[in-house]
Amino acid sequence: MRIGILGGTFNPIHYGHLLVAAQVREKFDLEKVIFVPSASPPHKNHPDIAPPRDRYQMTVLATQSNTFFSVSDLELQRPGKSYSVETVKELLNIYGKDTRLYFITGTDAILEIFTWKAKEELLKLCQFVVATRPGFHTAKIDKAIARQIYLLKIPNLDISSTDIRSRIKEGRTIKYLLPEKVEEYIYKHGLYKL
Ligand code: ATP
Ligand code: MG
């Protein structure tokens with residue numbers, strides 16, 4: 001089995017995330033891509049982070065129509081901070097050692113890998129696939145890291161959750177930045193207004 005993992009805050013999930021997952025899935029002929037919303041992200045401290053359950057629910061809504069996509073609440077069930085290396089080990093336990101895991105990130109995330117827990121072990125446990133992201137230069141990736149990852153050029157979608165949140169605060173449109181069902185969920189539950 002070849003399985004992709006896309007971790008994220010998904011605060012909220014948007015078309016950038018879905019595009020990355022679809023492009024990597026096709027490129028490596030993955031059987032599935034598992035979206036893993038993080039509970040308490042070790043590298044972020046958003047004052048405006050939506051409750052884990054809402055982020056999970058929005059991720060489910062966004063991925064529902066793609067049979068290759070699924071959502072895992074592994075990191076939401078684990079108490080305390082979530083580290084990717086622990087998630088990967090749990091997934092290897094669940095799917096078995098014959099499974100090849102593809103750890104998917106955008107360029108911005110890999111530029112921060114020096115802060116990650118057990119990065120060397122993580123790089124050994126799975127194949128890293130790093131997708132291009134507008135505004136983040138792949139040339140800045142550490143040379144030693146660059147040798148261990150697969151860099152995938154994907155169409156540029158300059159969409160971020162940060163921009164979506166600030167648009168909501170300012171009462172501006174978020175249409176076509178994320179799936180309609182997620183947009184409806186956000187308004188129905190009054191997320192990101194403050
Ligand atoms: P925030 O602005 O709150 O940081 P984000 O849009 O960066 O949100 P994350 O949940 O932080 O979304 O990202 C999860 C993963 O998806 C990361 O690996 C990130 O690099 C990748 N990603 C997110 N948006 C894009 C995009 N538009 N193009 C390529 N990769 C992306
Ligand atoms: Mg981010």
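## Salt bridge between E86 and K117

In this predicted model, the side chains of E86 and K117 form a salt bridge, with an N to O distance of 3.0 Å. E86 belongs to helix α4, whereas K117 sits in the loop between α5 (107-110) and α6 (119-125), so the pair ties together parts that are 31 residues apart in sequence. E86 has a relative accessible area of 26% and is therefore partly exposed. K117 is likewise classed as partly exposed, with a relative accessible area of 42%. The pair belongs to a network in which salt bridges with shared partners join R78, E86, E90 and K117.

Helix α4 (residues 84-95), which carries E86, lies across β1 (2-8), β2 and β4 (100-106). The helix runs at about 150° to β4.

## Other salt bridges

The whole structure contains 13 salt bridges. In one of them, the side chains of E31 and R2 meet at 3.9 Å, N to O. E31 is located in the loop between α1 and β2, and R2 in strand β1, so this contact ties together parts that are 29 residues apart in sequence. Both residues are partly exposed: E31 has 38% relative accessibility, and R2 has 29%.

A further salt bridge joins K169 and D48, whose closest N and O atoms are 3.1 Å apart. This pair links distant parts of the chain, since K169 is in helix α8 and D48 in the loop between β2 and α2, 121 residues apart. K169 is partly exposed, with a relative accessible area of 36%. D48, by contrast, has a relative accessible area of 18%; the cut-off for a buried residue is under 20%, so D48 counts as buried.

## Sheet architecture

The secondary structure of the chain comprises 9 helices and 6 strands. The 6 strands form an open sheet with parallel pairing, in the order β3-β2-β1-β4-β5-β6. The edges are occupied by β3 (69-71) and β6 (149-152); each has a single partner strand, so one side of each is left without a neighbour in the sheet. From one strand to the next, the twist averages 25°.

At the β3 edge, strand β2 (residues 32-37) pairs with β3 in the parallel sense over 3 bridges. Within this pairing, F69 of β3 is the bridge partner of V33.

## Nonpolar cores

The largest nonpolar core consists of 38 residues, of which I13, V24, V33, F35, M58 and I186 touch the most other members. At least two residues of this core are supplied by each of α1 (15-27), β2, α2 (52-63), β3, β4, β5 (127-131), α8 (161-169) and α9 (180-188). Helix α1 provides the largest share, 5 residues. A separate core of 22 residues includes L92, L101, I113 and L123. In soluble globular proteins, nonpolar side chains tend to be buried together.

V33, one of the residues with the most contacts to other members of the largest core, is also the bridge partner of F69. V24 is another of these residues. Setting aside neighbours within four places in sequence, V24 contacts L30, I104, V129 and L152.

## The loop before β4

T99 is located in the loop between α4 and β4. With 8% relative accessibility, T99 counts as buried. Not counting residues up to four places away in sequence, T99 touches M1, I3 and L92. Of these contacts, L92 is among the members of the 22-residue core.

## Overall dimensions

For 194 residues, a compact globule would have a radius of gyration near 16 Å, and the chain agrees with this at 16 Å. Along the principal axes, the C-alpha atoms fill a box of roughly 45 × 35 × 30 Å. Of the 194 residues, 48% count as buried.

Considering contacts between residues at least 6 apart in sequence, 71% join residues at least 24 apart. The salt bridge of K169 with D48, which links residues 121 apart, and that of E86 with K117, which spans 31 residues in sequence, connect such separated parts of the chain.

Terms used: Residues numbered from 1 in each chain as written. Chains lettered and ligands numbered in written order. Predicted model: local features only at pLDDT ≥ 70, side-chain atom pairs only at ≥ 80, totals over all residues. Heavy atoms only, no water. Pairing = 2+ DSSP bridges. Helix = DSSP H or I, 4+ residues; strand = E, 2+ residues; numbered from the N terminus. Axes fitted to C-alpha atoms, helices over the stretch in contact; angles between N-to-C directions. Contact = heavy atoms within 4.5 Å. Core = buried A, V, L, I, M, F, W, Y, C linked by side-chain atoms within 4.5 Å. Buried < 20%, exposed > 50% of the residue type's maximum accessible area, 1.4 Å probe, protein only. Salt bridge = Lys/Arg side-chain N within 4 Å of Asp/Glu carboxyl O. Rg over C-alpha atoms; globule rule 2.2 N^0.38 Å.
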